[in-house]
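Here are some comments for a colleague who is opening this structure for the first time. They are set out as numbered points, to be read with the sequence and the coordinates at hand.

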Amino acid sequence: RIRVCVAFASLSKLTHMERLAVILSTVGCAGAAFAVFDLGLHARMNGVIRNIKLMGVRQTKGERRLIIAYQGMGRVYVKADGQPLPEFLDTNWMDQDKDFGDRNCQYAEFAVPSLPAEISVVGDTTPHTGSYMGTVSKPAVEANLRGRLSERGQVEYARDERMS
């Protein structure tokens, strides 16, 4: 969290980065109010799908599930050995943060494939507009990851395919 000084002015017509520049330039000015901004707060749900992490198989809700962490607005799709895996949609972000840790990301839970398995994860960004990020379009190439799970469900390797 960053404590900054905000002047009493209408900032609503400026973009997020313009507002941030105005706010940072007014630190220490007279006639100002203090506010606390958490610049990492919006990473979980805004922007393109990015930072995909293969977390492996975890025990949750009384069963084993394959857990994928990611940031951005949209979904991720998972294949194991070329076969699509169904996603569980029976939980919420608060339960997931409690179970897997608050890492400023979203979690997706999938059925566990036959192990060992080659895993492929592909992001699917939802285009959106907002005051924090501006307009976010679907990227030409979505974030994607390839990895391998061991017989015990542990991650043997995981790499971003765009960087290979």
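1. How many bridges join strand β9 to strand β12, and in which sense do the two strands run? In this predicted model, β9 (residues 117-125) and β12 (residues 144-149) run antiparallel and are joined by six bridges. One point at which to look at this pairing is V121, whose bridge partner in β12 is L145.

2. On its way along the chain, β12 also pairs with strand β13 (residues 155-160), again in the antiparallel sense, and here the pairing extends over five bridges. R148 has Y157 in β13 as its bridge partner. The two strands form a hairpin with five residues between them, and within the turn G153 has a positive phi of about 90°.

3. The loop between β12 and β13 also holds S150, and a reader may ask whether this residue is buried or exposed. S150 counts as buried because its relative accessible area is 10%, which falls under the 20% cut-off. Once neighbours within four places in sequence are left aside, the residues in contact with S150 are L115, P116 and E156.

4. Elsewhere in the chain, an open sheet is formed by four strands, which follow the order β3-β4-β8-β7 with antiparallel pairing. Its edge strands are β3 (50-60) and β7 (87-88), each of which pairs on one side only. Two bridges hold the antiparallel pairing of β7 with β8 (residues 106-110), and E87 stands opposite F110 in β8.

5. Helix α2, made up of residues 93-100, lies across three strands of this chain, namely β3, β4 (63-71) and β8, and the helix runs at about 85° to β8. Over the protein chain as a whole there are two helices and 13 strands.

6. The largest nonpolar core has 19 residues, and the members that touch the most others are I52, L66, I68, V76 and I119. At least two residues of this core come from each of β3, β4, β5 (74-80), β8, β9 and β12. Another core, of six residues, lies apart from it and has M55, F100, C105 and Y107 among its members.

7. V76 deserves a separate look: not counting residues up to four places away in sequence, V76 touches I49, I52, I68, Y70, E87, A108, F110, V121, V122 and G123. Two of these names have appeared above, since E87 and F110 stand opposite each other.

8. For the chain as a whole, buried residues make up 37% of the 164 residues, and the accessible surface comes to about 9800 Å², with 54% of it belonging to carbon and sulfur atoms. Among contacts with a separation of 6 or more, 62% are between residues 24 or more positions apart.

9. Confidence should be kept in view when the coordinates are read. The mean pLDDT of the protein chain is 77, and 69% of its residues reach 70 or more. Among the elements, strand β6 (residues 83-84) has the highest mean pLDDT, 97, whereas strand β2 (residues 32-37) has the lowest, 36. Residues 1-14 have a pLDDT below 50, although the model gives this stretch 44 contacts beyond near neighbours in sequence. Over residues 20-39 the pLDDT likewise stays under 50, and for these residues the model has 43 contacts beyond four places in sequence.

Conventions: Residues are numbered from 1 along each chain as its sequence is written. This is a predicted model: local features need pLDDT of at least 70, side-chain atom pairs count only at pLDDT 80 or more; totals for chains, interfaces and linings use all residues. Side-chain values use heavy atoms; hydrogens and water are left out. Two strands pair if DSSP finds at least two bridges between them. Contact means heavy atoms within 4.5 Å. Axes are lines fitted to C-alpha atoms, for helices over the stretch in contact, and angles run from 0 to 180 degrees between N-to-C directions. pLDDT is the predictor's confidence in each residue, from 0 to 100. Buried means under 20% relative accessible area, exposed over 50%, partly exposed in between (1.4 Å probe, protein chains only). Accessible areas come from the Shrake-Rupley method with a 1.4 Å probe; for residues, only the protein chains shown count as cover. A nonpolar core is a set of buried Ala, Val, Leu, Ile, Met, Phe, Trp, Tyr and Cys residues joined through side-chain atoms within 4.5 Å.
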